[in-house]
Structures are given as structure tokens and as C-alpha cells.
Amino acid sequence: MIRDSLKDEEWFDKWIKFDSHEINRFIKELKLPTGNPKYRPQFIFELAQAYWNTMLRRYSRGDAIHELMQYFPLMLDAWEESERLGQDVWDEKTQYTRQAWAVNLDNYIFCFWLVGLALALEIPDDQWRRLLVLIDNEGEDEVLDRIIASRDSSRKIGSKLCYPRAYKSLLDALNAPKEEQAIKLKYFVDNWYKELTKLPKKKMSELGALYARPYWYGYHEIDGAYFGYWCIEAVAAVKAFGLDDSLCLGHPNYPGDLLRPNGPSTHPEQVKQPDSDLTARETPEKNTGHFWSRIFNKRKTRLNG
């Protein structure tokens, strides 16, 4: 049963198939001599993100939760290789703007989601340790550090939030008395997407303006880009601390099935919409070689400042 409320099963079938095609293309191209060695680390990172996008799209389509796990080690392999090659390509400033949670909202959310998926899917310890090396930023954010520490007790806990406007309500849920946690968690989920698009834009001297909304904001309007708007941060908190998520079940942004892999689904059955009510469909084959460059170019520009 499809879990997403904005697209139908046919849409996800088409673009998940296209994902598979593009991942295979990435892998084939990586076996060839590179024409631009300086771009190769970013190209491999895009492969890592393609695996991650596929995990979320397949969740949105309604695929079995255990099937998502197959992409996690592949994503880690690609991300590790990207970082290894990037050491010789990216200067200190670029490394900082790519990785530091405090100045890169996209990377903060990306890391939060992967931690949530890792906890929910209960990935093996070796994969968990590899993930922590990649996300780094130990002691930089109170809420994400606390969630990580639920599986790694040695994790240093930050004393502040990188993005308090969006995530203070989640921290409030963690700190609330048990009888109030469900209400506060629901408040966070209700406001999650809205608050992420209203963050104040930061400036950091020579680093210039940094983006104040996630790169995937509005992706449902770009055919082939959308993977679902899932508040995996809430799932991470529930898994880590056993919060009561009963008030969130059925919410269009709460991926409750991640915590209930054997069903039944927490999502209401979606009524099929007429084609005219959905984003105009493109044919994936006609966009081969252009689609990912269009999507990732947007992200690459932001990562490189």
C-alpha cells in the first residue's frame, strides 16, 4: 500500500525504476577514466545520495521495510570513497561548508535522517560505526547528539541547537514529562516542514550567505525529484527514547511504518487521484543524462558555497 499522500504508485514505480537505471549509469561511469578528477568526489557523493533517495522513495511507495536495508552499506561505500578523494580536492573552507552542521542545513538534515534510518532499521554495529565517522560533528547539536548517544554512550553531547527554530520543539519533547511527550512530539511533526522553510538566513563573514531552507523544499513540483516529505527526525527520537508516537500515526509527514516493519501500516489508504491533480508526468527515458545533473547541480552549488 502506498504511504505517500502527494504522489501515486504509478509515479513512484516509474521513478524508482529510473533511479535503478541512473545508479547503474553512475557505477559504469566510475569505472571509466575521469575527465575531471576534481569533480569525481562530488560525483561519487551524488551516487551516495541516489541510494538514499531510493530508500525514501521505496518507503513512500509502500515497499517492505526490510528491503530498504540493502541500500545502506552501498550508500556508506560511496560516501566514504567521496570523502577519501575529497581530501585531495576540497580545501579547508570547502570541507567546512560541506560538513559543518552549524552552517550547512542540508548536511545537518541529511545526517539526522541517516541516523534515524540507521536506528529504525537497526543496522549492524560495523555500519553504525562507519556512519558516525562520516557524519562527524560530535558535540555540535544537543538533540542530534543525544539521539546518537542512545546507541553510542561515549558520544559527546552538544550544549546548543544548530537550528533552534526548527528543532527546539523536538528537544522539548525529549525533555518533557512522560505524560506530555506525545503531545509535544505531535506539535513538532505538525510544524516540522513549515519551520524548516522559515529559518533565518545566516552570514558567516568570508563564508558568505548560507541557505535557510532545505534543498529538497518544493521537490514535489519537480517531476522525478520528489522522494517524500518524511519527518525521520521524529522517528529517530521515538526509537532512541521510546517516546509515545500514537498521536503522530497517520500524519502525512510521519513515517511510522519504519518502527513497525511487520505492519499493519500506520498510513491511511490513499485514494487514487486523477492524473490532472498530480504533477505533470515526464518520461524518464527522455531525461536521461539531464535529470540528475539538474537535481544535483542545485545541491552541488549549495555544498560548494
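**Packing around helix α10 and selected contacts**

The buried residues of α10 pack against five helices, namely α2 (40-61), α5 (105-121), α7 (142-149), α8 (164-175) and α9 (178-196). In this predicted model, α10 spans residues 232-241 and is mostly covered, with eight of its ten residues buried. The buried positions are Ile-232, Glu-233, Ala-234, Val-235, Ala-236, Ala-237, Val-238 and Ala-240. Gly-242 follows the helix and has a positive phi, near 65°.

The protein as a whole contains twelve helices and two strands. Read from the N terminus, the order of elements is α-α-α-α-α-α-α-α-α-β-β-α-α-α. Of its 305 residues, 53% count as buried. The exposed surface of the protein amounts to about 13,900 Å², of which 51% is supplied by carbon and sulfur atoms. Among contacts with a separation of 6 or more, 69% are between residues 24 or more positions apart.

Helix α5, one of the elements packed against the buried residues of α10, is also in contact with α6 (residues 125-135), and the axes of these two helices come within 11 Å and cross at roughly 170°. Because angles over 145 degrees count as roughly antiparallel, α5 is roughly antiparallel to α6. On the α5 side, the contact is made by Cys-111, Leu-114, Val-115, Ala-118 and Leu-119, and on the α6 side by Trp-128, Leu-131 and Ile-135. The residues of this contact comprise eight nonpolar, no polar and no charged.

Aromatic pairs were searched for over the whole structure, and 32 were found. In one of these pairs, the ring centres of Trp-79 and Phe-110 are 5.0 Å apart and the planes stand at 55°, so the pair is classed as tilted. Trp-79 belongs to helix α3 (residues 71-86) and Phe-110 to helix α5, and the pair thus links distant parts of the chain, 31 residues apart. Both partners are covered: Trp-79 counts as buried at 3% relative accessibility, and Phe-110 is buried with a relative accessible area of 2%.

A further pair is formed by Tyr-193 and Trp-216, whose ring centres lie 6.2 Å apart with planes at 40°, so this pair is tilted as well. Tyr-193 is located in helix α9, whereas Trp-216 is in the loop between β2 (209-210) and α10, so the pair ties together parts that are 23 residues apart in sequence. Trp-216 counts as buried, at 2% relative accessibility. Helix α9, which carries Tyr-193, is among the elements against which the buried residues of α10 pack.

Conventions: Residues are numbered from 1 along each chain as its sequence is written. This is a predicted model: local features need pLDDT of at least 70, side-chain atom pairs count only at pLDDT 80 or more; totals for chains, interfaces and linings use all residues. Side-chain values use heavy atoms; hydrogens and water are left out. Helices (H or I, at least four residues) and strands (E, at least two) are DSSP runs, numbered from the N terminus. Buried means under 20% relative accessible area, exposed over 50%, partly exposed in between (1.4 Å probe, protein chains only). Contact means heavy atoms within 4.5 Å. Accessible areas come from the Shrake-Rupley method with a 1.4 Å probe; for residues, only the protein chains shown count as cover. Axes are lines fitted to C-alpha atoms, for helices over the stretch in contact, and angles run from 0 to 180 degrees between N-to-C directions. Angles under 35 degrees count as roughly parallel, over 145 as roughly antiparallel, 65 to 115 as roughly perpendicular and the rest as oblique. Ala, Val, Leu, Ile, Met, Phe, Trp, Tyr, Cys and Pro count as nonpolar, Asp, Glu, Lys and Arg as charged, and the others, Gly among them, as polar. Rings of Phe, Tyr and Trp (its six-membered ring) pair if their centres lie within 6.5 Å; planes under 30 degrees apart count as stacked, over 60 as edge-to-face and the rest as tilted.
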